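Please open the structure in the viewer and keep the selection panel at hand. The tour proceeds by selections, each followed by a description of what is found there.

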Amino acid sequence: MAILVVGSVAFDSIETPSGTAERCLAGAATYFSLAASYFTDVRVIAVVGEDFTANEEEVLKRRGVDTRGIEHVAGKSFFWRGSYMQNLNEAQTKETQLNVFETFSPTIPAEYADSEFLFLANIDPVLQEKVRQQMPRVRMVCGDTMNYWINDHRANLEKVLHGLDCLLINDGEAKLLAQDANLVRAAKKILASGPKALVVKHGEYGATAFFSDRLFPGEAKSVSLPFRAPALPLSEVVDPTGAGDCFAGGFFGYLASQKEITPSTFKQAMFYGGVMGSFAVERFCTERLQSLTREEIDQRFALFRELSHLD
Ligand code: AMP
């Protein structure tokens, strides 16, 4: 099963208590693709500038990611500068340059048309919606966003929410989106605005899924109790950037690799999300995601089980 992902392919400059990284390959779609590539086929839609060379593309290709949907144009790639010096759980955005994304109009290559799963990674909701419109028959659509789009592009974002099966955002974003400081009430409001499920990421504390009463394909009965998956306590978080995108990649990659989407596979997917997020933060940028093995992933999955198992 193939996942089609649209989102930022970017260069980031990052500052954390562990050090700094300058203009490293990053972006929501990059993190997502690398994480999901350990579970299923991934196809990317994005735009890059002249600073994105064959070396950067090779990072994705080495993981088997299909990059034919990455458009190369004159100009500079998306650039983001972030700092975690105040709080490792929340990035402080120092600079966002949309660059080539400002004039991007995504088109889906014919080779991508049969993708069954669609992930709308963090990018301008107008672009997310353009891709969604071109893929009306996908089996499942998940999406992400961030405060940047919630604050200033709310009307466009609301259109995207209508078309989602599952929204994955962090808890600060969920409260901001719903304009409610209580997470349970915020989740109810968000679920009333479109998505059938909402996965709220709590950084180093795990993630919680909330479900609406509507059914997923193949689901016998609706699940309405929330479900919480843990995160792995780590002795050092080198760079939290991309943990959320890697959570989404592990979560959706695992779901796409399963025959059916059921409450049980959904819960397992939450654990795989946590596993991929925990790897992401161990090194700067995408470094740790580039050379994992499925064995390492499954060993860590076993650790997650132990962490939350009750006899
Ligand atoms: P995460 O830490 O999982 O929320 O995602 C971090 C990635 O999102 C970084 O690699 C950035 O390049 C990218 N990013 C930051 N701001 C934006 C934005 N406004 N739109 C799209 N991508 C962004």
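The stops below begin at the ligand and then pass to two sheets; the model is a predicted one.

**The ligand and its shell**

Select the ligand together with the residues that have a heavy atom within 4 Å of it. The selection should hold 19 residues, and S8, D12, G27, G242 and D245 are the closest of these. By class, the shell consists of 11 nonpolar, 6 polar and 2 charged residues.

**Polar contacts of the ligand**

Next, display distances from the oxygen atoms of the ligand. At G27, a polar backbone atom lies 2.9 Å from a ligand oxygen. At G242, the partner is again a polar backbone atom, and the distance to an oxygen of the ligand is 2.8 Å. At D245, by contrast, the side chain supplies the N or O atom, which is 2.7 Å from a ligand oxygen. How much of the ligand does the protein bury? Taken alone, the ligand exposes 510 Å², and 89% of that area is buried by the protein.

Now colour the elements that contribute two or more residues to the shell: β2 (10–16), α1 (28–36), β6 (78–83), α4 (147–152) and α8 (243–256). Of these, α8 gives the most, with 3 residues.

**The sheet of four strands**

Two of the coloured elements, β2 and β6, lead to the next stop. Select the open sheet of 4 strands, whose order is β3-β2-β6-β7 and whose pairing is mixed. At its edges are β3 (19–26) and β7 (92–97), each paired on one side only. On average, neighbouring strands here are turned by 15° against each other, direction ignored.

Zoom in on β6 and β7, which pair in the antiparallel sense over 5 bridges. Within this pair, G82 has T93 of β7 as its bridge partner.

**The sheet of nine strands**

Finally, select the open sheet formed by 9 strands in the order β5-β4-β1-β8-β9-β10-β11-β12-β13, where the pairing is also mixed. Why is one side of β5 and of β13 left without a neighbour in the sheet? Both β5 (70–72) and β13 (227–229) stand at the edges and have a single partner strand each, so one side of each has no neighbour in the sheet. The average turn between neighbouring strands of this sheet is 20°, direction ignored.

For a last close view, select residues 166–170 and 197–201, which are strands β10 and β11. These strands pair in the parallel sense over 5 bridges. Centre the view on C166, whose bridge partner in β11 is A197.

Definitions and conventions. Residues numbered from 1 in each chain as written. Predicted model: local features only at pLDDT ≥ 70, side-chain atom pairs only at ≥ 80, totals over all residues. Heavy atoms only, no water. Polar contact = N/O pair within 3.5 Å; in protein donor to acceptor, adjacent residues only side chain to side chain. Areas by Shrake-Rupley, 256 points an atom, 1.4 Å probe, with all protein chains shown as cover. Nonpolar A, V, L, I, M, F, W, Y, C, P; charged D, E, K, R; others polar. Pairing = 2+ DSSP bridges. Axes fitted to C-alpha atoms, helices over the stretch in contact; angles between N-to-C directions.
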